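Here are my notes on this model, as numbered points. Please keep the structure open while you read them.

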Amino acid sequence: MEALPCERLLVLAGCDDARLRDLERLEIIGPGYTGYAASDVSRLRLIVALQEAGISLDVLAEGLRRRIFTLEFANQLMFEPVAMTEALFRPRWRQGNWISTS
C-alpha cells in the first residue's frame with residue numbers, strides 16, 4: 001500500500017486531527033518522507049484504545065522512550081486497513097434494509 005496522507009490516516013483510524021498532532025508532538029507517531037504507512041492505521045487505533053482505557057499520552061510516550069514496551073506489533077494487526085464508520089445499522093435493520101438485493 002502507498003503512503004497515506006494525513007487526512008486518509010485520520011479517516012481510516014477514526015481519529016481526530018488534534019489527537020494526531022499531540023501524538024506527533026510527543027514523537028509517538030509521525031509521517032515518513034512521503035506520508036504515513038498503512039501500519040500507522042493499526043498503531044493509531046491501538047493508541048486511541050489505550051487512551052480510552054485510561055493510559056495518558058505522557059505515560060505512553062515515556063514508556064516508548066524508555067523502551068518499556070513497543071507498538072511495533074501493531075504492524076501485524078491489519079494488512080489492508082478499512083475505514084471506521086459511525087453509521088448506525090439499527091434503523092436499517094428495523095426497516096428490513098439490512099441486506100441489499102442489488
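1. Start with the buried residues of α3. They are Ser39, Asp40, Val41, Ser42, Arg43, Leu44, Arg45, Leu46, Ile47 and Val48. That makes 10 of the 14 residues in α3, so the helix is mostly covered, given that buried means under 20% relative accessible area. Keep in mind that this is a predicted model.

2. What do these buried residues pack against? They pack against α1 (6-13), α2 (17-25) and α4 (57-65).

3. Check the length of α3 next. The helix covers residues 39-52, which is 14 residues. At 1.5 Å a residue, the expected span is 20 Å. The C-alpha atoms at its ends are 20 Å apart, so expectation and model agree. After the helix comes Gly54, with a positive phi near 105°.

4. Now look at one residue inside α3. Arg43 sits in this helix. Is Arg43 buried or exposed? Its relative accessible area is 10%. The cut-off for buried is under 20%, so Arg43 counts as buried.

5. Arg43 also has polar partners. Its side chain makes a polar contact with the side chain of Asp40, at 3.2 Å. A polar atom of the Arg43 side chain also lies 3.4 Å from the backbone oxygen of Leu71. Leaving out residues up to four places away in sequence, Arg43 touches Ile29, Leu71, Glu72, Ala74 and Asn75. Leu71 therefore appears twice: in this list of contacts and as the owner of that backbone oxygen.

6. Turn to the pair α2 and α3. Their axes come within 12 Å and cross at roughly 95°. Angles of 65 to 115 degrees count as roughly perpendicular, so this pair is roughly perpendicular. On the α2 side, the contact is made by Arg19, Leu20 and Leu23. On the α3 side, it is made by Leu44, Ile47, Val48, Gln51 and Glu52. By class, the contact has 5 nonpolar, 1 polar and 2 charged residues.

7. The pair α1 and α2 can be read in the same steps. How do their axes cross? The axes come within 10 Å and cross at roughly 110°. The two helices are therefore roughly perpendicular to each other. Cys6, Leu9 and Leu10 of α1 meet Asp17, Leu20 and Arg21 of α2. This contact has 4 nonpolar, no polar and 2 charged residues. Leu20 is worth finding on screen: it takes part in the contact with α1 and in the contact with α3.

8. Look at both ends of α2. Which residue caps the N-terminal end? Asp16 does: one of its side-chain oxygens lies 3.2 Å from the backbone nitrogen of Ala18. The helix is followed by Glu27, whose phi is positive, near 60°.

9. Stay with Glu27 for a moment. A positive phi is found here in a residue other than glycine. Glu27 lies in the loop between α2 and α3. Its relative accessible area is 73%. The cut-off for exposed is over 50%, so Glu27 is exposed.

10. Arg67 makes a useful second case. Its phi is near 60°, again positive in a residue other than glycine. Arg67 is placed in the loop between α4 and α5 (90-95). With 75% relative accessibility, Arg67 counts as exposed. Set it beside Arg43, which is buried at 10%.

11. Then go to the start of the chain. Pro5 is in the segment before α1. At 45% relative accessibility, Pro5 counts as partly exposed. Where does the chain come back to Pro5? The C-alpha atoms of Pro5 and Tyr36 are separated by 6.3 Å, although these residues are 31 residues apart along the chain.

12. Finish with the whole protein. It has 5 helices and 0 strands. Along the sequence the pattern is α-α-α-α-α. Of the 102 residues, 31% are buried. Among contacts with a separation of 6 or more, 67% join residues 24 or more positions apart.

Conventions:
Residues are numbered from 1 along each chain as its sequence is written. This is a predicted model: local features need pLDDT of at least 70, side-chain atom pairs count only at pLDDT 80 or more; totals for chains, interfaces and linings use all residues. Side-chain values use heavy atoms; hydrogens and water are left out. Helices (H or I, at least four residues) and strands (E, at least two) are DSSP runs, numbered from the N terminus. The expected span of a helix is 1.5 Å times one less than its number of residues. Buried means under 20% relative accessible area, exposed over 50%, partly exposed in between (1.4 Å probe, protein chains only). Contact means heavy atoms within 4.5 Å. Axes are lines fitted to C-alpha atoms, for helices over the stretch in contact, and angles run from 0 to 180 degrees between N-to-C directions. Angles under 35 degrees count as roughly parallel, over 145 as roughly antiparallel, 65 to 115 as roughly perpendicular and the rest as oblique. Ala, Val, Leu, Ile, Met, Phe, Trp, Tyr, Cys and Pro count as nonpolar, Asp, Glu, Lys and Arg as charged, and the others, Gly among them, as polar. A polar contact is a pair of N or O atoms within 3.5 Å; within protein, one must be able to donate a hydrogen and the other to accept it, and residues adjacent in sequence count only if both atoms are side-chain atoms.
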